[in-house]
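This report describes the chains of the structure shown below, the contact between them and a few individual residues.

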Amino acid sequence: MTPPETAAPLLQLQGVGKSYGGFHAVDDVSLTVHAGERHAVIGPNGAGKTTLFNLVAGTLRVTSGRVVLNGRDVTRAGEHSRARAGVGRTFQHSSLFTTQTCAENVALAVRRCIGLGTSLRVPTKARGELARQVADLIERVGLTDRAGDLVGDLSHGERRQLEVAMALAGDPALLLFDEPTAGMSPSESGQFTRLVQALPRTLTVLLIEHDLDVVFSVADRVSVLATGRLLEQGPPEQIRNSPQVEAVYLGTGHDEVFIA
Amino acid sequence: MTGTVSTTPAASVAGSPAVTLPPAHSRLRAALPPLAFGLVVLIIGTAPYWLDAYSLDVLTLGLTYGLMAMALALLIGFTGLPSLGHSAFLGLGAYSAGLLAVHTTDNALVGLVLAAVVGAAAAAVVGALSLRTHGVFFLMLTLAFAEIIRQIAIKSSFTGGDNGLSVPAPHIPLLSSTGLPQVVTVYWYVLAVVAVGYVVLSVVVRSPFGKALVGVRDNPHRMAAIGYSVVTVRLRAVMLSGALTAVGGALLVQKDTLVAPTALTPDASVLLLVMVLVGGARSLTGALVGAVGMVFLRSFTSSWLGEAWLLVEGVLFVSVVYFMPSGLAGLAATVRSRIRRGGPA
């Protein structure tokens, strides 16, 4: 499947950088993700992947450059504003409310999306809609059987699925996955790959991933980061055969190891 | 007759698959919460008929602090924002209601409304200045803010300085014309206001907004990622808490017809904090019970210990934090779940 190159750019990073004092965690990265694309960011530890990711999500603010989402400059917009503008995300370490049920976790996200997040009551006529959307999202990630169970009782893989359900609430335009298969068993990771593949192409996906099997079976395009800079970008076949990428991953990777 | 059959639930379950009636003790258990609730309503509702005037006054004070403790519990227990200076809102409410009574009107309800508005506005300022950063800044700013308010109360002439502000007895709509003794009308009045506060807060914590508060307490990053403005949610909680604490302060000045800067010392903030922690910060009822209990404890111990009563408060505080971190409410929940799980009640 070829990437939809002709589609409109959904996410544009223009010379984006993040510095801490003299240290450049992310340095002058320019990247365009088109609508419907599955874009993976890979790179050795300390390459700045998670920092870049947080710059896109709005968790961190850039120190240089611009972030444009759907033609709108969101460089100064905070995390929740970007979420409202259509960015859904999962966290590297599952970030859920463990003392609540799956359905309650998802309902928290859905209520916000239908404008009832901080209301004093859910109007009777909105209750059916809320319940329907919650059930839909839970079904989409295959957790229907566990909807009423406490998150604390879920397996690692199931928690990841629930994270996706919360991220999908309110039909985001861009989904961000931060190392989604980290700590998963091979079967869980295979299931997760199928879940991502089944997402409609109206959604754009940006993921950070360590498991190159997952990357090559999901991504249309791959960006390689090393020491905060964009090393190479292209379709999976190109990246797979790139001597430069191989050098970073297998060769003289020692320099990068220390930059965490 | 059915009662004698169903008192042996194990036998009936094992003997026949057709169990028709729940065992008697489980019906009793189901009836317990409404019974306990009815009992409490009966005791509180009839208090003026069997309590002496002094004890009734102490109960009134306890309920007033109960409202403020619940308002503080909303912040500490539900929103995860500890405040060390809630006496600031108490003071603002007391002085604004007091000044209104001195200069404009003795209508008690107008005083409450003014106190709520002033409390919410002040809370909005404190919140806006501190909530964008870490929670610790909120804590420090509330502490500083309380001291500023206290110094203004001491140094200004319009507040009566160190001597405090004497205010006329409030005119309480409906109640003042009944001819009942002042201590009794004030009791009914305070009880009604605190009951309304309890209902308002109960609705709030069960609402989507209440769930957003708990979400922000437990995991602000996740809440931001699903589109909640953490700052806005916290700010609204701080404003609601500030408003209700100020209403509590207004009740205090209306009850005592006097407010002095001594009511605004850090001791007052700490006392509120201890009430909340003793009762259980994650339970409104707990905070209310904790406040009433602490006020009675203070009234009994300080009559023969004087200032040394603070030692009792301190020991109690440390013991609760150490042995009962969820407070009385946590203890009650444990007992309830034990009763529910096994053995005849």
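## Chain A

In this predicted model, chain A has an accessible surface of about 11400 Å². Carbon and sulfur atoms account for 52% of that surface. Chain A carries 25 positive and 28 negative charges, and the mean positions of the two sets are 10 Å apart.

The secondary structure of chain A consists of 10 helices and 10 strands. Its radius of gyration is 19 Å, close to the 18 Å that the globule rule gives for 260 residues, so chain A is as compact as a globular protein of that length. Along the principal axes, its C-alpha atoms fill a box of roughly 60 × 40 × 40 Å. Of the 260 residues in chain A, 53% are buried. Among the contacts in chain A with a separation of 6 or more, 68% involve residues 24 or more positions apart.

## Chain B

Chain B contains 15 helices and 2 strands. The radius of gyration of chain B is 23 Å, close to the 20 Å expected from the globule rule for 345 residues, so this chain is as compact as a globular protein of that length. The box filled by its C-alpha atoms, taken along the principal axes, is roughly 80 × 55 × 40 Å.

Buried residues constitute 47% of the 345 residues in chain B. Of the contacts in chain B between residues at least 6 apart in sequence, 76% join residues at least 24 apart. Chain B exposes about 16100 Å², and carbon and sulfur atoms supply 72% of this area. The side chains of chain B include 18 positive and 10 negative ones, with the centres of the two sets 23 Å apart.

## Interface between the chains

The size of an interface is often given as the accessible area lost when the parts come together. Chain A and chain B bury about 1900 Å² between them, with 60% of it on carbon and sulfur atoms. On the side of chain A, the three residues A:Phe97, A:Thr118 and A:Leu120 supply 29% of the area that the chain buries against chain B, more than any other three residues. The contact takes 23 residues from chain A and 20 residues from chain B.

## Two buried residues in helices of chain B

B:Ser96 lies in helix α5, which spans residues 87-103 of chain B. Its relative accessibility is 12%, and B:Ser96 therefore counts as buried, the limit being under 20%. Beyond its neighbours within four places in sequence, B:Ser96 is in contact with B:Leu114, B:Ala115 and B:Val118. The C-alpha atoms of B:Ser96 and B:Ala115 are 5.9 Å apart in space, and the two residues are 19 apart in sequence.

B:Thr185 is placed in helix α8, residues 182-206 of chain B. With a relative accessible area of 2%, B:Thr185 is buried. Leaving aside neighbours within four places in sequence, B:Thr185 is in contact with B:Ile172, B:Leu175, B:Thr178 and B:Leu180.

## An exposed loop residue of chain B

B:Asn163 is located in the loop between α7 (135-155) and β1 (165-166) of chain B. Its relative accessible area is 68%, so B:Asn163 is exposed, a class that begins over 50%. Not counting residues up to four places away in sequence, B:Asn163 touches B:Leu258 and B:Ala260. B:Trp304 is 141 residues from B:Asn163 along the chain, and their C-alpha atoms are separated by 26 Å.

Technical notes: Residues numbered from 1 in each chain as written. Chains lettered and ligands numbered in written order. Predicted model: local features only at pLDDT ≥ 70, side-chain atom pairs only at ≥ 80, totals over all residues. Heavy atoms only, no water. Helix = DSSP H or I, 4+ residues; strand = E, 2+ residues; numbered from the N terminus. Rg over C-alpha atoms; globule rule 2.2 N^0.38 Å. Buried < 20%, exposed > 50% of the residue type's maximum accessible area, 1.4 Å probe, protein only. Contact = heavy atoms within 4.5 Å. Areas by Shrake-Rupley, 256 points an atom, 1.4 Å probe, with all protein chains shown as cover. Lys, Arg positive; Asp, Glu negative; His and termini not counted. Charge placed at Lys NZ, Arg CZ, Asp CG, Glu CD. Buried area = accessible area lost by both parts, 1.4 Å probe.
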